[in-house]
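Colleague: I'm new to this one. Could you show me the model and let me quiz you on the labels you use?

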Amino acid sequence: MIANLTRPLLLRRRSIAAGLMLFSWRLLANNAVSAEKVDFVHDVYPILQRSCFECHGAEKHKGGLRLDDREAAFQGGDGGDTIVKGQPEKSELVNRISLPKEDRDVMPNRGEKLTKLEVERIRAWIAAGAPWPDGVKPARHWAYVPPVRPAVPPLPDAPRSPIDAFVRTRLSEEKLQPSPPAEPHVLARRLSLDLTGLPPTPAEVDAFTHAAKTNLQSAVEKLADHLLASPQFGEKWGRQWLDVARYADSHGFQRDDLVDLWPYRDWVIRAFNADMPFDQFTIEQLAGDLLPNATEQQRIATGFNRCTMCNVEAGTDPEENRVNQVIDRVNTMGMAWLGTTLECMQCHDHKYDPFKQRDYYGLFAFFNGTELEADRSNPKVPGSIRFLGPYMRVSDPAAEAKLQQVNKEIAATKSQIAGRSAKIAGAGTPAGHIAEAQEHVLTPTDFDSAGGANHRVLDDGSVLLLGDPPGTDTYTVTVRTPLQNIVGFKLEALTDPALPGMGPGRGDPERTNFVLHTFAVTAAPPGHEGEAKPMKLTDARADFSQASWDVSGAIDENGKTGWAIAPQFHRPHWATFRASEPLANEHGTVLTFRLVQEFGNARTIGRFRLSALTGAYPAAVVPPKDDPELRRLNTHLAELEKQQKTAPAPQTLVMKEITETRTNAIFRRGDFRNPGDAVEPGTPAVLHPLHEEGPRNRLALARWLVSRENPLVARVIVNRLWAEIFGEGIVSTPEDFGMKGERPSHPELLDWLAVEFMDRGWSQKKLLRLIVTSETYRQSSHVTPELLERDPLNRLLARGPRFRLGAEEVRDNALAVSGLLNLKQFGPPIHPPQPDGLWAKVGGQQYDYVVSPGDEQYRRGVYVVLKRASPYPSFTNFDATSRPACRVKRTRSNTPLQALTLLNDPVYVQAAHGFAARIVHEQPSADVDGRINYAFRLALARPPAPAELSTLHQLYDSELAATGKPEEAWFSVASALLNVDEAITKD
């Protein structure tokens, strides 16, 4: 806290300190802190331990000052006079901690400044002679002591809820009174927003208001039960957990390709709706795949750990990427369940909390046995890294039946096209022609991409190119065949769902063209590959050639010509090439094909298949260019293939263990390339032991986490739920329950809730019901200037919660009020309107952002696609994160961008139009005042005050006079209501 103190500094600070001392002694005179009541062990030493020992502890003595030892502390630092017994006004310690936060000499000089109460405790302790008992050692931190249910404080009026008893006791100690209940319409809206994230309807507000007149407690309980049972509950509370899980629909990093993980998001929503016990919720996410006879849903749940970002940029070291993913999983587990920041332990022991580097790598070992998720397709090419998965197919009977039907129709249509083409060709077959050539698929034995592209040989013998397409490429394909009398070759450019726009080209999802500049073949007997000779090819034919890019250009030895297929995109094509002389080798042939594609812009073939032709090569027949039936069949095929492309084929990323065991070791300085001592899977020694019998794997770790012996998990989760309701947690640092975190504002309440949570079967719904049916929750949020000054963050809970809605809820609320909200649940992410060009990027798969059709774009915010490198902009403006890592608390800001978003973003403009139409449609016979009154009740759950009614009526009149259009006037009224502060605030 104090570095290089000097006498001049002391003198310079005395004048500043004098005023502070006078103010503080007045506080003492008003019994802010009584010197007699200050206990060094419980009140002072923990403050020094949290805020001072980093710089003035056993390991570091800045300014020559050490505060963890009694003799050293009283000896002082380089400047002396740090603690002057009985004289706080002469103690530099008091001086420094009393300075304003912006002062360069304030201590601690980083992190949070000491609170006024903490400063007064230290001052009072020094004033009392700074008693420091012998043998004082750091007490075990409160968070590492298992919670025990405390006795509920007895109060004269005996509140119904223990929550209220704990809160009122603290308010009494602070000489504060609780606020009266909020008005019924406020409570109805508050409950609805808190439990479903959506506003109540006027009918729901009326019903609650009527019931509240008879029995407020009963009305609250009944409405809470109704909302907790709503399907929208899981969408509201699942969103919060998705922040913790760092769920997104893309890899992250520079390439940031999209991935299929949305079934995990749906699993979370369903789990909340089903009130899955939190211990089971934990086990299935961390280790569902390891459960005996794991179900499909339990395996989907392991998507929690597949939300980790994955780096598939060219040049990435696959092992470094894998290690970074494991590290992220350890850090996420620590923050999500233990409320502990473990990151620093990657390199060294924790600086503040009793965790060791060995503990970290013991946890690391639990996650170190899963499959590699990205690897190089060619170990010799650093840029050939590709994403592997693993993916799991997800059952969807309706979608699968529909896709099967489409596939049948595609096969039938292709057969009809082939028959029609043959009939047309047969009409022109020369007399004496006896037989067609026979096709024999050539399965590659070797494949090379000059551009370093990844590939996979499919069961049908075709080659599918994967990953990032290079701008130009040359494919070299080697095959071995026993065939005799080869008279030519066939090249098929095929479509595939893995290709942009189904292919056959790779560079553009809309114009799926390719340009084949050269198709060349060499042949040699087996064992004589070095003597391979080029084959002369003639008579090139194709089912279709682009104007000026005829297939003959692929064999004319002119590098500027070639075969292309525009505008016949999104469908397969074929070309045949005749050998000038039949090929026959007694013991078979080794064929090497070169497909040169140098146009640029990744105009390369995405999937192809090679076949040899034997028998009699067919005579050339030029079919009619405009056969109506063939044109109709080709058009129908294109429509079917488009349906096939867009048909859902659900899959999701899951965790999968490998069979071999990886070595586990401590990484020196956190560098995976520098392993040190070996470690076994293990848990931190400061916490409860791991009793699990059997293999020490992720399942054992998950069960250890939710053991009742664990002092942290129940507290951490209870605190997070409390913070979502009240805006601040009982511990205001939900990410840090350790030494540097804040102490609980109501420690007994936190422990009571934690024990109650476990005793009620880890039910989050029961816990939330307990909170929202308390008198503490239903207080008015009205704040007086005195209370705002005394408790700006409402940590003492002398009033109800009031704060801005989260990003997704701001949008959901506007759509709900407007009548546009589509409550369809689950499925692939949606794409609401956003500015053009935001998804343009360098490298990786290029995506066209297409706005979801119809009312799909009006589904809830939890379903909006989240691309990490380009998150939905209006959500970003309202403090949503791109989820690169676990987040247990969002910031909450007020910026002009938010006002501009509500006024100009297409979603909110559409919502205002919808709201205006709803006002008129649902109140057809009402006058202007009647409609404004109804609009207020829809948007704010209350009628307008006379001044508000008058203002909006004037707005309506002025807009009507300006435009002459009632619908435009109502649009202005609707937009004004959606933009008031109250509309985006939970009160």
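Modeller: Sure, and keep in mind that this is a predicted model. Let's begin with E922 and R918, whose side chains meet in a salt bridge at 2.9 Å, N to O.

Colleague: What makes the contact between E922 and R918 a salt bridge?

Modeller: The N to O distance is 2.9 Å, and the cut-off is within 4 Å for an Arg nitrogen and a Glu carboxyl oxygen, so the label fits. The two residues sit 4 residues apart in helix α27 (residues 906-922), which means they are separated by about one helical turn.

Colleague: Why is R918 called buried, and what is E922 called?

Modeller: R918 has 17% relative accessibility, and buried means under 20%, so R918 counts as buried. E922 comes out at 32%; that lies between 20% and 50%, so the term is partly exposed.

Colleague: How do you know that R50 and E118 are buried?

Modeller: R50 has a relative accessible area of 9%, and E118 is at 9% too. Under 20% is the rule, so both qualify. Their side chains also form a salt bridge, at 2.8 Å from N to O. This pair links distant parts of the chain, with R50 in helix α2 and E118 in helix α6, 68 residues apart.

Colleague: What about D496 and R607, which parts does that pair tie together?

Modeller: Their salt bridge is 3.6 Å, N to O, again within 4 Å. D496 lies in the loop between β9 and β10 and R607 in strand β15, so the pair ties together parts that are 111 residues apart in sequence. D496 and R607 are both buried.

Notes:
Residues are numbered from 1 along each chain as its sequence is written. This is a predicted model: local features need pLDDT of at least 70, side-chain atom pairs count only at pLDDT 80 or more; totals for chains, interfaces and linings use all residues. Side-chain values use heavy atoms; hydrogens and water are left out. Buried means under 20% relative accessible area, exposed over 50%, partly exposed in between (1.4 Å probe, protein chains only).
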